[in-house]
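Good morning, everyone, and thank you for making the time. I would like to walk you through a structure that may be new to you, taking it slowly and one region at a time.

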Amino acid sequence: MSAVTATRVRRSERAAASWRLSDRLGLGLAWLLGLLFCAIAAAIVIYFLVEGIRYLRPNLLVTNPAAASSESQTGGFLDPLLGTLIIGTMSMAIAVPVGVGIAVWLSEFGRPTGLARVAESAVEMMAGEPSIVLALFGLTLFTLPALGVLTQSTHGVVLGQSFFAAAALLSLVGLPLVVASTREGLQAIPSHVREASYAVGKTKIATTRRVLLPAARPSVLTGTMLGLGRVISDTAIVLLLLGGTLTFQAANSTPLLGLLRGTGDTLTGYIYYNAPTGDGNQPSKAYAAAFVLMLFVLALNLGVDLVVSRSRKAVTWK
Amino acid sequence: MLAVVVAMVAVPAAAGATTLFGSGSSAEQPIMNVLFKAYNKLHKNIRFNYLPDGGNAGVTDVQAGRRLFSINTRPPLPSDAGTTYFKLWLDGLCIAVNPSNSVSNLTIAQTKNIFTGVATNWSQGFGSNLTSTIDPFGRNSTAGLYTFFQQAVLGGSTQSSNVQQEGSDGLVATAVSKDPNGIGYVGIAHTGKGSGVKTLDVNGVPCNQANIKSENYPLFRYAWGVLPTGHPSGAVEKFFDWVRTSKQAGQIINRGGAVAAFNKK
Amino acid sequence: MTEDHFLEPDRDPEFLEGDRGLSQDQRAELGLGALVFVVVGLLVAMLVFVLREAWPSFAHNGLGWFGGGGSVDQQIQSLFNSGQYKTAPNYTFHAWPLIWSTILITFGAVAIAFVTSLFVAVFIVEFAPAWLQRILEPVVRLLASVPSVIYGLAGVLVIVPLIGNHLITQGEKASVTPTIQLSGASLLAAVVILTVMIAPIMIAVFADGLQAVPRGWLEGSLALGINEWRTFWKVAVRTARPVLVAGTVLATARALGEAIMVSMVSGGVPFAPNPVDGLIFFFEPSQPLAATIVRNTEGLSSPALKHTLYAIAAVLLFSSAMLSIIGWAAKQPMRRYGVVP
């Protein structure tokens, strides 16, 4: 949602307008619903902020979860926190290049038109896909022997749960947002910019790489952050494809790859497990984790705001 | 940044470490995690990776060779061919009501009547101070706890359609704690001081660890370890033995809210 | 990286002319086109795979899959048990209560959210004072990205007990027991929370679309002496109609696929709520399609139930695909006017 640059006509400059009762009622209703919406939203956000602050202690953020019988010894949620960061980074690392590539192709090339239309529809379809369906698909996809290298295998049978598996499916969740936002950014650039570049003799791809994409960078960033927000809030795919182990369980001792081929957990999985929805029976830690997750989401949204507002201060195309 | 992440994560990658892969009941996962950790302290080269995909899925995993062992909370069935079941510890199913309800005891027959929709009001001879409709809460039909409840209480019939099905014990306990007319069945780990519910005696016997161990409390069940019949993993067999008989494992099981059955004291 | 020899055609590798076999552009087009092809192929593969897994269930039940008959709960249990007790799988399944529940909850939430979101979006774009606008925008975006588990918990801990203990009377409860239980986890709870969940998405999309309406059109109307409310309503909202459709479709797809939150607050019983029941209708429990999948993931180990769950997933996949295509098609008219939402 782009920020409003209100250039509303000042009251004094308008001709005197007449207001019927129905119009006043309509305006009143708009105000009422607007404020009601604020109130409900504030209630939900404040409820979890309060509960979160009540239970959040700094040591929770830096202690690994531990298995123990009493809540005071079960540690914090460092591993799930890192898990969220890892899964977010990995899935966007796939979604952003692929998404920008698709957006560039759709916007600048787009032939044959049949493929372009199918591609557009496919990306739109992905945007509305229930993540539980993606998770089901991922379950069976990653138990195929061909993809065994991305997870672990024991005795020749592929396990099918790992960071790679979850990130692959989550990238499909973030992809449509990156594509849509980048396309918008690219299409907002007036055609005379492109024509000027071609007139100087640059190829289309060079123009894209050197002129258009840098100009559309705010849109790419917006799309990335929106996609990241969706990815870190997802529960269904994480529950089925990440293995749900308390701490990181690396596949082997190779420094990074072993970790990514192994199982772990994210904040959403941790919340699900410890809230009444799961068997962990530690609701206070679940609330603390929910609070941290909401902070992440808030930070991402503020980031989007910042990028958008800074892009408005940038040079316009007039 | 990745380097920071890798450095911060203490991945125990001991040379020659074996990882034993298991799966199964999610209700037993909290206790299993503590047991895994304690066993790892004793045998530093053995690590565990447990996937809580449900008791039934766990058995299928063992049959397919995907996992070395699984934990299940229901007794073996004909479809579990190719696996061997080992009793590990005891657990109990408690009947919980809202603390504002003065009922203190139910017979199995009365519980069955409530959950099959025959009895619908608290005033129908339960000794309750309430005169309102009964709100029963239970588990969904694929849950292991429901299968056990079906066998032990309902005598094989299905629970009535007015039993609201929740996805976990925690949700059942939450629902009962917030509804004055509520009644539900949960594992013993979800009762107790902070849970917001009150447990009932069944056939006059209170639902606690002592009565479950002595098998006086009628609704007791075993947690089973499942191994493949042909070529079971020796390491897992040793682990199961340790869980069953060692004193340390017994303490962990008791503290986790279950009941150690065969462990040395 | 190629050196930058801008305006030096003899040395600029990115210069259009020059004989290098396949030109840079052609290579780029092929490369990117291949990427698009692979991604589309992956999605098609997913569709095909889900349909293939779902086929036994559809084949056995035919169109009756979508109809009523029998208790869904018992059907699921017998599907599950056929794996347990190794009896021959009987794929009988009539999903009507699930489908009806999905329709009620989804369209109920979308209808209420549409009206609310439209008014709120109009409010934010045109009538809210600047300070309120600056607060509302981040709030709307924040709400759109709150994880669904949190909404589900808010529902279970606050909304459901509220409805069950304060809105439903004892008499109403007594009148339906023991067929169903009116405990607060109901149609109303699911619709309310789902509305709060999808409203921010709709508000964001509507606001974007309303802002894209050329200001000149509005100023022209105002200059004619029409008040701001009418102007905005008649000109901007009407122009942005394709965006309204697109936003609604997006929100509907999200509502359709919301599994975890709804499974916690809708009542968990596959029951088809009956409008004839009057007020009680809103308090009746039910279980929509996506929630059914989430509830029964443990049943994936039983082949018969696995095929049935994939069949449900196929129905969801197909519905959201249809919705997305409608949404995409609805956005096209606005492009004609040069107004790109």
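I will talk about one contact between chains, then one strand, then the salt bridges, and finally two single residues.

Before anything else, please keep in mind that this is a predicted model, and that everything I describe is computed from it.

Let me begin with chain A and chain C. In this model, 92 residues of chain A are in contact with 92 residues of chain C, and the two chains bury about 8,700 Å² between them, with 72% of that area on carbon and sulfur atoms. Which element gives the largest share of the side of chain A that touches chain C? That is helix α1 of chain A, residues 21-55, which supplies 17 residues. If we sort this side of chain A by class, we find 60 nonpolar, 16 polar and 16 charged residues. As for specific pairings across the contact, the count of salt bridges between chain A and chain C is zero, while two residue pairs are in polar contact, both at pLDDT 80 or more.

Now let us turn to chain B, and to strand β4, which covers residues 83-97. Is this strand largely enclosed or largely open? Of its 15 residues, 12 are buried, and therefore the strand is largely enclosed by the rest of the structure.

It helps to look at the partners of β4 in turn. With strand β11 of chain B, residues 220-228, β4 pairs in the antiparallel sense over nine bridges, and within that pairing B:Lys87 stands opposite B:Trp224. With strand β8 of chain B, residues 182-187, β4 again runs antiparallel, joined by five bridges, and here B:Leu93 stands opposite B:Gly187. The pairing with strand β9 of chain B, residues 198-199, is also antiparallel and has two bridges, in which B:Val97 has B:Lys198 as its bridge partner. As a general reminder while you look at the picture, side chains in a regular strand alternate between the two faces of the sheet.

That brings me to the salt bridges, of which the structure holds 10 over all chains. The general idea is that side chains of opposite charge can pair when their charged atoms come close. I will show you one example from each of the three chains.

We can stay in chain B for the moment, where B:Asp91 and B:Arg221 meet through their side chains in a salt bridge, at 3.8 Å from N to O. This pair links distant parts of the chain, since B:Asp91 is in strand β4 and B:Arg221 in strand β11, 130 residues apart. Are these two residues buried or exposed? B:Asp91 has 9% relative accessibility and so counts as buried, and B:Arg221, at 7%, counts as buried as well.

In chain A, the closest N and O atoms of A:Arg194 and A:Glu108 are 2.9 Å apart, and the two residues form a salt bridge. This pair, too, links distant parts of its chain, with A:Arg194 in helix α7, residues 191-200, and A:Glu108 in helix α3, residues 78-109, 86 residues apart. Both A:Arg194 and A:Glu108 are buried.

In chain C, C:Glu53 forms a salt bridge with C:Lys306, the closest N and O atoms lying 3.9 Å apart. C:Glu53 is in helix α1, residues 24-61, and C:Lys306 is in helix α13, residues 303-336, with their positions 253 residues apart in the chain. At 10% relative accessibility C:Glu53 counts as buried, whereas C:Lys306, at 24%, counts as partly exposed. C:Arg52 joins C:Glu53 and C:Lys306 in a network of salt bridges.

To finish, let me point out two single residues in chain A. A:Gly88 lies in helix α3 and is buried, with a relative accessible area of 1%. What does A:Gly88 touch, once neighbours within four places in sequence are left aside? It is in contact with A:Leu228, A:Val231 and A:Ile232. Its C-alpha is also 8.5 Å from that of A:Gly229, a residue 141 places away in sequence.

The other residue, A:Ser181, is found in helix α6, residues 163-188, and is buried too, with a relative accessible area of 12%. Not counting residues up to four places away in sequence, A:Ser181 touches A:Ser219, A:Thr222 and A:Gly223.

That is where I will stop, and thank you for listening.

Terms used:
Residues are numbered from 1 along each chain as its sequence is written. Chains are lettered from A and ligands numbered from 1 in the order in which they are written. This is a predicted model: local features need pLDDT of at least 70, side-chain atom pairs count only at pLDDT 80 or more; totals for chains, interfaces and linings use all residues. Side-chain values use heavy atoms; hydrogens and water are left out. Buried means under 20% relative accessible area, exposed over 50%, partly exposed in between (1.4 Å probe, protein chains only). Helices (H or I, at least four residues) and strands (E, at least two) are DSSP runs, numbered from the N terminus. Two strands pair if DSSP finds at least two bridges between them. Contact means heavy atoms within 4.5 Å. Buried area is the accessible area (1.4 Å probe) that two parts lose on being put together, summed over both. A salt bridge is a side-chain nitrogen of Lys or Arg within 4 Å of a carboxyl oxygen of Asp or Glu. A polar contact is a pair of N or O atoms within 3.5 Å; within protein, one must be able to donate a hydrogen and the other to accept it, and residues adjacent in sequence count only if both atoms are side-chain atoms. Ala, Val, Leu, Ile, Met, Phe, Trp, Tyr, Cys and Pro count as nonpolar, Asp, Glu, Lys and Arg as charged, and the others, Gly among them, as polar.
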